[in-house]
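Q: Got a minute to go through this one with me? I'd like to start with a single residue and then move on to charge pairs.

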Amino acid sequence: EERRRKTDQVNERKKQDRIQHGSDLDSVEHMRLIERERQSLLMLPAPDQRRELDDARVQVLVRKRPLSKKEVSSKVFDVVTVFGGCSGQMALHEPKTKVDLTKCVENHNFQF
């Protein structure tokens, strides 16, 4: 009985997602995973010191822009998290689907 109730809840959530986001439920699952990863990363304390830019051989500059109205309407989601303040850190969330069709997110953390 409990298992049937949970299955019904999952099916109802998928039905609501299909109504709200269209037929691409893979994107919805990846979006939820990225949001969970983002929240867990933002809860971590920021490092106290910034690394000196002079000791790096390669320097990369990143400019993150907000999503346009066209991107938002086509259900594109943000995969980059920039940590606020002077932490100089960002994370790139790469949505992946494993061989057994489970959804996961691989995080790539960068410090600049």
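Q: Where is P95 found?
A: This is a predicted model. In it, P95 sits in strand β2, residues 89-97.

Q: Is P95 buried or exposed?
A: In between. P95 has 32% relative accessibility, so it counts as partly exposed.

Q: Which residues does P95 touch, leaving out those up to four places away in sequence?
A: H30, I34, F77, V79 and C104.

Q: And what separates the C-alpha atoms of P95 and N107?
A: 8.8 Å, with the two residues twelve apart along the chain.

Q: Switching topic. How many salt bridges are there in the whole structure?
A: Six. One of them pairs R5 with E2, at 2.6 Å from N to O.

Q: How far apart are R5 and E2 in helix α1?
A: Three residues, which means about one helical turn separates them. R5 is partly exposed at 41% relative accessibility. E2 is partly exposed too, with a relative accessible area of 41%.

Q: What about D78, which residue does it form a salt bridge with?
A: R38, with the closest N and O atoms 3.9 Å apart. D78 lies in the loop between α3 and β1, and R38 is in helix α2, so the pair ties together parts 40 residues apart in sequence.

Q: Is R38 buried or exposed?
A: Buried, at 13% relative accessibility. D78 is partly exposed, at 27%.

Q: Which residue does K96 pair with?
A: E106, in a salt bridge with closest N and O atoms 2.8 Å apart. E106 is in strand β3 and K96 in strand β2, so the link joins parts ten residues apart in sequence.

Q: Which residues do shared salt-bridge partners join into one network?
A: E35, R38, K64 and D78.

Notes: Residues numbered from 1 in each chain as written. Predicted model: local features only at pLDDT ≥ 70, side-chain atom pairs only at ≥ 80, totals over all residues. Heavy atoms only, no water. Helix = DSSP H or I, 4+ residues; strand = E, 2+ residues; numbered from the N terminus. Buried < 20%, exposed > 50% of the residue type's maximum accessible area, 1.4 Å probe, protein only. Contact = heavy atoms within 4.5 Å. Salt bridge = Lys/Arg side-chain N within 4 Å of Asp/Glu carboxyl O.
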